[in-house]
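Please walk through this protein with me, one region at a time. Keep the sequence and the model side by side.

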Amino acid sequence: MTLTRLCTCFIVTFAMFALSFTSGCGNPEPKATVAVAAAPVRPAEVKTRTLPSVRFVDITRESGLKFVHFNGANGEKLLPETMGAGVAFLDYDGDGDQDLFFVNSSAWPGHEVKPAPTQALYRNDGKGRFEDVTAGAGLAQTFYGQGVAVGDYDNDGDPDLYVTAIGGGRLYQNDGKGRFADITQPAHARGPNGWLTGAAFLDFDNDGDLDLFIGNYITWTREIDKGQGFQLTGIGRAYGPPTSFNGSFCALLRNDGGEFTDVGESAGIQVRTPDLKVPVGKSLGIAPFDVDGDGLVDIAVANDTVQNFFFHNLGGGKFEEMAILSGVAFDQSGSPRGGMGVDWACFMNDDRLGLAVGNFANEMTALYVCDQPASMQFSDLANLYGLGAPTQPPLKFGLFFFDYDLDGRLDLLSANGHLEPEISKVQASEHYQQPIQLFWNTGKAGRTLFTQVTAESAGPDLFQPIVGRGCAYADIDGDGDLDVVVTVNNGPARLFRNDGGNKNHWLRLELKGDGKTSNRDAIGAKVELKAGELVCRRQLFNSKSYLSSVEHPLTFGLADREQADQITITWPSGKTQILSNAKADQVHRIEQPTDTREQR
């Protein structure tokens, strides 16, 4: 995509002119991959695959969830109103069940509403029924929230929350008794005074506590936005594209014993243009992963209309931004896309590593693939693996890999929805509300590796058009399969129960570090599971998708296997632990051993 075409796409999207759109898995020796153009998927090829009989049922009302996102729209058409917000699964009360936290936004000054919208926390009773406990938990606070990260930053055994927002972030400390305290100021955790978006807890310096990486979108104020004069042809003011705003710097907050220090500049994550030396980034989705297997966490950042970032951790508190060198910065023609959600996966259960990025309308989802991760050389092979043409039409936000049918292979889900409510008036092919997309991993390399799932096999509920934004997964009812929550911009969230996914066997791991050599959440731990010929590799990072956080336990599908023959855990400290003959259909809670290199 040339720069001219990119600009044209955004002009059309916001209808300034009434035009049409054009259409560490392993650590072997380095070897670069080469992009391969794939032919379109033929319908006959798809029909030869038997999709699993798993249905996703909308249980929002019966579950007790009543959260409705509020974006503050009042006719001014301010860009933050289009972005929606994130969601997180977490076990905040330590009862073994996955609870839900929803990020909310607020009214603009001069347009206040009563009651004022607040953030929301729902407690799970273990059977997938939820109770609103926001007020009692101390989280009934009003601000223009965006994203959420979950992590035990103080290593006391309870998950804490970091919520990003316009104007800065909020750190909420969990007291272990059902309440959260806003300790942003004493912990020096507010971050930049910008439009903060995605966030991730991670231990970038391997000192045993969790640091914070924070995405920062554009340089924005209400006055700058209103002064732009964006117009929708024949209708009036429209939402403007991010290309009309300057970029911003991401932030890296180092945890120094419970207080944070911003080390973004010295760590090398403040990316500037080579000419004017101004900020490049317009960051949304954040996904950490140790790509080259050196024991240091790297970070992928999805940027909107500018190159993506890939921060390679060099150790010693330093990162090298090498997205262009690694091949994950642009599309195949060398042009930037509108990156939203992002996730890593060893999606073929071999050494291959994939980075998926959900992009703008008429831009296919990216699947950057590296055959040998130590080389850190990726090629966008979305077409080759079946994610090309099907993902091109919608505007994609939340995105994650998960094994929804527990066959041992990672599938892909994308939550979609446009930015402009009036888009269909100037573009008949585009709609504000759009269906979720679900792709089943067939395990057969080629154009039908990821086969699109339809309502015929998964039920109609999941595919009802919505203005999808953040999304996450968890086992909400203890039956072993993974359920899905999706936030809706300026609308009610949706909760989808997985019915039938547990026809296959499964195994769940709840890992706990020692809180000294490894952070208590074991974020950054690597797991390799072997069951017969099945080999699955995962890394424990719950920040992914779009402004969201998935559950802490790791779920492995085993298909028809009744046990995992061997599970190798590499803790964040570098110590390894080997488990043998772990029974299926159970949650295995594993504490990091002490004073040992290996345990069986």
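Start at Ala-564, where the relative accessibility is 0%. Buried means under 20% relative accessible area, so Ala-564 counts as buried. Ala-564 belongs to strand β37, which covers residues 563–570. Now look for Asp-298. Ala-564 and Asp-298 are 266 residues apart in sequence. Their C-alpha atoms are 29 Å apart in space. Bear in mind that this is a predicted model.

Step back to the whole chain. How many helices and strands does the protein have? There are 9 helices and 39 strands. The C-alpha trace spans about 70 × 60 × 55 Å along its principal axes. A compact globule of 600 residues would have a radius of gyration near 25 Å. The protein has 22 Å, which agrees. Of the 600 residues, 63% count as buried. The accessible surface comes to about 20,900 Å². Carbon and sulfur atoms account for 50% of that surface. As for charge, the protein carries 51 positive and 76 negative charges. The mean positions of the two sets are 4 Å apart.

Next, turn to strand β36, residues 554–559. This strand is mostly covered, with 6 of its 6 residues buried. In a regular strand the side chains alternate between the two faces of the sheet. Follow that pattern along β36. Leu-554, Phe-556 and Leu-558 point one way. Thr-555, Gly-557 and Ala-559 point the other way. Both sets are buried. Which strand pairs with β36 over 5 bridges? Strand β31, residues 505–512, does, in the antiparallel sense. To find the register, locate Leu-507, which stands opposite Phe-556 in β36.

Strand β26 offers another covered case. It runs over residues 437–441, and 5 of its 5 residues are buried. Gln-437, Phe-439 and Asn-441 lie on one side. Leu-438 and Trp-440 lie on the other. Both faces are covered. Now look at the partners of β26. Strand β25, residues 411–416, is joined to β26 by 3 bridges, and the two run antiparallel. Here Ser-414 stands opposite Gln-437. Strand β27, residues 450–452, also pairs with β26 in the antiparallel sense, over 3 bridges. In β27, Thr-451 is the bridge partner of Trp-440.

Strands of a sheet pair through backbone hydrogen bonds, either parallel or antiparallel. One open sheet is worth tracing strand by strand. Its 4 strands come in the order β6-β7-β8-β9, with antiparallel pairing. Why is one side of β6 and of β9 left without a neighbour in the sheet? β6 (145–151) and β9 (180–182) stand at the edges, and each has a single partner strand, so one side of each stays free of a neighbour there. Neighbouring strands of this sheet are turned by 25° against each other on average, direction ignored. Within the sheet, β7 (residues 160–165) and β8 (residues 170–174) pair over 3 bridges. Val-163 has Arg-170 in β8 as its bridge partner.

Some backbone details deserve a check. The peptide bond from Lys-114 to Pro-115 is cis, with omega near -5°. Pro-115 sits in the loop between β3 (99–102) and β4 (120–124). Two other residues call for a look at phi. Lys-277 is not a glycine, yet its phi is positive, at about 60°. Lys-277 lies in the loop between α6 (264–267) and β16 (283–289). Is Lys-277 buried or exposed? With a relative accessible area of 54%, Lys-277 is exposed. Asn-581 is not a glycine either, and has a positive phi of about 55°. Asn-581 is placed in strand β38, residues 576–583. Its relative accessible area is 49%, so Asn-581 is partly exposed.

Finish at Ala-73. This residue lies in the loop between α3 (60–63) and β2 (87–90). Ala-73 is partly exposed, with a relative accessible area of 40%. Trp-108 is 35 residues from Ala-73 in sequence. In space the two are 8.2 Å apart, C-alpha to C-alpha.

Notes:
Residues are numbered from 1 along each chain as its sequence is written. This is a predicted model: local features need pLDDT of at least 70, side-chain atom pairs count only at pLDDT 80 or more; totals for chains, interfaces and linings use all residues. Side-chain values use heavy atoms; hydrogens and water are left out. Buried means under 20% relative accessible area, exposed over 50%, partly exposed in between (1.4 Å probe, protein chains only). Two strands pair if DSSP finds at least two bridges between them. The radius of gyration is taken over C-alpha atoms; the globule rule is 2.2 Å times the number of residues to the power 0.38. Accessible areas come from the Shrake-Rupley method with a 1.4 Å probe; for residues, only the protein chains shown count as cover. Lys and Arg count as positive and Asp and Glu as negative; His and the chain ends are not counted. The place of a charge is taken as NZ of Lys, CZ of Arg, CG of Asp or CD of Glu. Axes are lines fitted to C-alpha atoms, for helices over the stretch in contact, and angles run from 0 to 180 degrees between N-to-C directions.
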